[in-house]
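User: I am new to this structure and would like a close look at a single part of it. Please take one sheet as the starting point, then go on to what else can be said.

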Amino acid sequence: MTATSLELCEALADKARPGEYLEVFARHVGTAAVRLAPDGRHWESADGWVVGVLCSAAGQAGRAMGDTMDSRGLAGVLDAARRIRRTAPFAVPPERLCADPAPGAVEAVADVPRPPREKAEEAVRRAADLGPVTATAAATHRTVIRCDSTGWRGSYTENEAQLHVRSAQPGLDAAQGARIRGTARELPAGDVVADMARARAALSAPPAGAHTLDRIWMSPMVTARIAHRLSRAFVRVPGRRAAWEVGTVIAGGPQRLVLVDDLGKVRPGDGTAFDDEGTLRQRTVLLERGRVAGLLGSRMAGPTTGSAHWGGWDSDVAPAVAACWAEPTAGHTEPTEADLAGWVLVAEELRGFRGGLDLTAGQVDFELTGAVLRDGERAGRARIAISARMPDLLRGVHEVLSGTEFYRVKGLYGGSWWSLEGAVARGER
Amino acid sequence: MSSTSAAGAGQAVAGWTGAEDAPSVHLYAERGLERTAALDTAGVYAQTSYHTSGMSVLCRAGDGSTRFGQCSGTSLERARRLLDRVLPASRADAATAALTQAAALAATPASEGEREDDAVARQLLQAARDAATEAGGRDVTCQLWERVRCFTARDGRSMASQRVELRRLTVSVGHGPARVTRSVADLAHAPLSVTAAAAAGSQAAERWASLRQAAQPRSGTTAVLFTPSPAGVLLHEVFGHALEADTARTSVLWSRRASLAFHGALTLTDDVTHSDAWETVGVDDEGTPVRPAILIANGRVSGRLTDRRHAAAGDAPLTGHGRRGWYGSPPEPRMRHLAAAPGTDPAAAILADTRNGILVTDVHAADAVPGQGRFFLRVTGAREVIAGQPGRWLGGFTVRGTLDDLARLDAVGDEAVGSVAICGKRGRWLPVSHSAPVIRVPALSIGSGGA
């Protein structure tokens, strides 16, 4: 660790006055990416800190954020937290639920990595026959430091590599493939290009005639975005009443979708065992049998599920999804011949508000575009608009296949092949 | 809001002048402070505070390739590390001096939490909350958002500094699907006041009461009128984004500009000098002086918004619309204040002339697909129109359409009203504003999950 960063955080935590408790959180993100596009080669890198300080005394607390890792900047954040404790205090949150001593510690804040350019180049080579493409390969290191004035110290680093390929042909930008792995070496460029090619073929086909669909199969990238939007309804927002509570029945009757938040599925046992408030991470089932089984919470928006994240939309610490995905209902990873019987839409593109579903009025509105198949034979391209109540959508999910892939949609979201059947697939209201 | 700017050649930095360094390397440094204060029905008062500072470097080569790097902090050490990553060693030293000079000029915002500021925030929030509660609103939450940003942008030839202050009060009434929000911002001609805050609170509560029993319309196609705020959102999404130079390259609106003709009274200009503009600046985030840009002139597509990159590529003249989501994102062409010129039809006459349709009053979200010429709006509040009269309240439905539908727009009201918003593009969120009159589109598709 540039020992300096840890020492700075510890020194700040040690500045607690008599009767005062301080928590210091710091996250460093170093990223480098190379993008190979028709308009040239583009290189980007980022080297940034997020720092948060919680200060409590006499039953009142305040917190503030900043982004400089130097003694002056940190002192400014501490001053701001103390000021807020005086002017707009909130009740001291419950104690963290984390093992003592803290699990994991790292030796150094990782440097900004080298972008895995060779993976982007490999993807471009593999996609040579697929028209113009944009291939982006990136590597990210995240280092988290957390300490408090009781002497608790914890830190970890997580590494990630990403490959993303998108068609650069006008009108086909929705044709894309992507993968995330721990290291660049593991990135399967062939699979990424294959996903993009499949989507490209579907989206560039001539329009099919109108048909009543028996079933819709949604690709992993589509269902990851659906999981992203659905999961937002299961996150407690500090200071706001939850739309529903644990136990609320959203969709009665048979319902197969089980949504889970579990970082352990992506990163089993690598030391990221505590959230940004120092609470042990846990597996939380959000939706099961049509009923709200859990809500993501933090010490500030409790009860906590170990889901706290510093640096959200409100520049604060709030619950956030760690890795949300749907538990499979079937063991195979791609639709089989039997799965494609009848009139089927294989959806490769999802369009809607802000790129996804909108749950404002308990309804979902989005469009799916993809290949129409009749008993497995391609019959053209189609777009359908789905406007349904949430319960109807949930009841419509018939199968969730295995082979979950995770994608970054502001957080990690897992997608696999899901099928929609019944009234939702037929477009009935 | 307020802003100050200074542009000029800047002090010379050894090795940082001359053709070798000049237009291809752009330096940017910023310091900022973002605060929120919130007050709810239960009297809970909360504050957040976020000090930011950072730098970025963008290099463009003649072949169109780019190198972009960013870092938090503005110290000499951070500048050196950043430039060592981005530039060849031969150029990094001189650039380091130039960047730290820029960082020094990006003055630190005034410290936050001073007693006077806090008292003012409390007054505004209490006025809004009390007014909403007295008007019958429940689950009232009021938030005051403030942002002070000081930046310096420079290249080898010029340097510009700007300080921008923004403030916006948002009142939310209700929760879940029935939640209604109203926002009012600090404008040059209308500073945020206790009176304005109270008015926002009352309006939010009254609208919430009206929409509590809102029905969903029957799905189908019908005439749709948009009051000024939703009209501004629609025009922003469909026309504004499609004519930002990067999007315009693949937008249907630009590719069909020769054949598409809209209502002759439709003129859209992105103009930060407009009286309703929220963020008024002299230079953009690249240091380019900002100019009004006419996008639609009398119903015909006539221009695009550009930043330096797209102007240099020959897309269109430089208009000074390079904006950054934050110091860590490269500039891209973005709107600031999209103003639709008023037409000649009084709003009351447009309504009276509408046999049957829907009058949209509240929009929760809107989205467009410029590459396909389509758009969607999520409507949370509307009135049914029957025989030219507003009827029952409606809510919870979607409006969809295409550019060809908008080409049949047949009425433009004679009074434009301003509103503010936060606009997202590729995950980068920026404050924007727009001013628009009532407009009518004879046929748009209505979608309702319950109809």
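How many bridges join strand β9 of chain A to strand β14 of chain A, and do the two run parallel or antiparallel?

Analyst: The model is a predicted one. In it, strand β9 (residues 259-261) and strand β14 (residues 323-326) of chain A are joined by three bridges and run antiparallel. Within this pairing, A:Val260 has A:Trp325 of β14(A) opposite it.

The two strands belong to an open sheet of six strands in chain A, ordered β11-β10-β9-β14-β20-β19, and the pairing in the sheet is mixed. At the edges stand β11 and β19 (405-408) of chain A; each has a single partner strand, so one side of each is left without a neighbour in the sheet.

The loops around β11 hold two backbone features. A:Arg289 is found in the loop between β10 (284-288) and β11 of chain A. Although A:Arg289 is not a glycine, its phi is positive, at about 50 degrees. A:Arg289 is also exposed, with a relative accessible area of 63%. In the loop between β11 (291-292) and β12 (308-310) of chain A lies A:Pro303. The peptide bond that leads from A:Gly302 to A:Pro303 is cis, and its omega is near 5 degrees. As background, most residues other than glycine have a negative phi, and most peptide bonds are trans.

A positive phi is also found at A:Asp375, a residue other than glycine, where the value is near 50 degrees. A:Asp375 sits in the loop between β16 and β17 of chain A. With a relative accessibility of 52%, A:Asp375 counts as exposed, the cut-off for that word being over 50%.

The strands on either side of that loop lead to the contact with chain B. This contact takes 54 residues from chain A and 61 residues from chain B. The two chains bury about 4900 Å² between them, with 45% of that area on carbon and sulfur atoms. Between chain A and chain B there are seven salt bridges. In one salt bridge, the side chain of A:Asp47 meets that of B:Arg78, at 3.2 Å from N to O. The count of residue pairs in polar contact between the chains is 26, both residues being at pLDDT 80 or more. On the side of chain A that touches chain B, at least two residues each come from β2 (40-57), β3 (60-66), α2 (71-87), β15 (343-352), β16 (363-374) and β17 (377-389) of chain A. Of these, β2(A) gives the most, with 11 residues. By type, this side of chain A divides into 19 nonpolar, 14 polar and 21 charged residues.

Pairing of strands also crosses between the chains. β2(A) and strand β4 (residues 66-72) of chain B run parallel and are joined by six bridges. Here A:Ala46 stands opposite B:Gln70 in β4(B).

One residue of chain B remains to be described. B:Ser251 lies in the loop between α6 (245-248) and α7 (252-255) of chain B. At 1% relative accessibility, B:Ser251 counts as buried. Apart from neighbours within four places in sequence, B:Ser251 is in contact with B:Ala242, B:Pro370 and B:Gly371. B:Gly371 is 120 residues away from B:Ser251 in sequence, yet their C-alpha atoms are 4.4 Å apart in space. The side chain of B:Ser251 reaches the backbone oxygen of B:Ala242 at 3.0 Å. A polar atom of the B:Ser251 side chain also lies 3.2 Å from the backbone nitrogen of B:Trp254.

Terms used
Residues are numbered from 1 along each chain as its sequence is written. Chains are lettered from A and ligands numbered from 1 in the order in which they are written. This is a predicted model: local features need pLDDT of at least 70, side-chain atom pairs count only at pLDDT 80 or more; totals for chains, interfaces and linings use all residues. Side-chain values use heavy atoms; hydrogens and water are left out. Contact means heavy atoms within 4.5 Å. Buried area is the accessible area (1.4 Å probe) that two parts lose on being put together, summed over both. A salt bridge is a side-chain nitrogen of Lys or Arg within 4 Å of a carboxyl oxygen of Asp or Glu. A polar contact is a pair of N or O atoms within 3.5 Å; within protein, one must be able to donate a hydrogen and the other to accept it, and residues adjacent in sequence count only if both atoms are side-chain atoms. Helices (H or I, at least four residues) and strands (E, at least two) are DSSP runs, numbered from the N terminus. Ala, Val, Leu, Ile, Met, Phe, Trp, Tyr, Cys and Pro count as nonpolar, Asp, Glu, Lys and Arg as charged, and the others, Gly among them, as polar. Two strands pair if DSSP finds at least two bridges between them. Buried means under 20% relative accessible area, exposed over 50%, partly exposed in between (1.4 Å probe, protein chains only).
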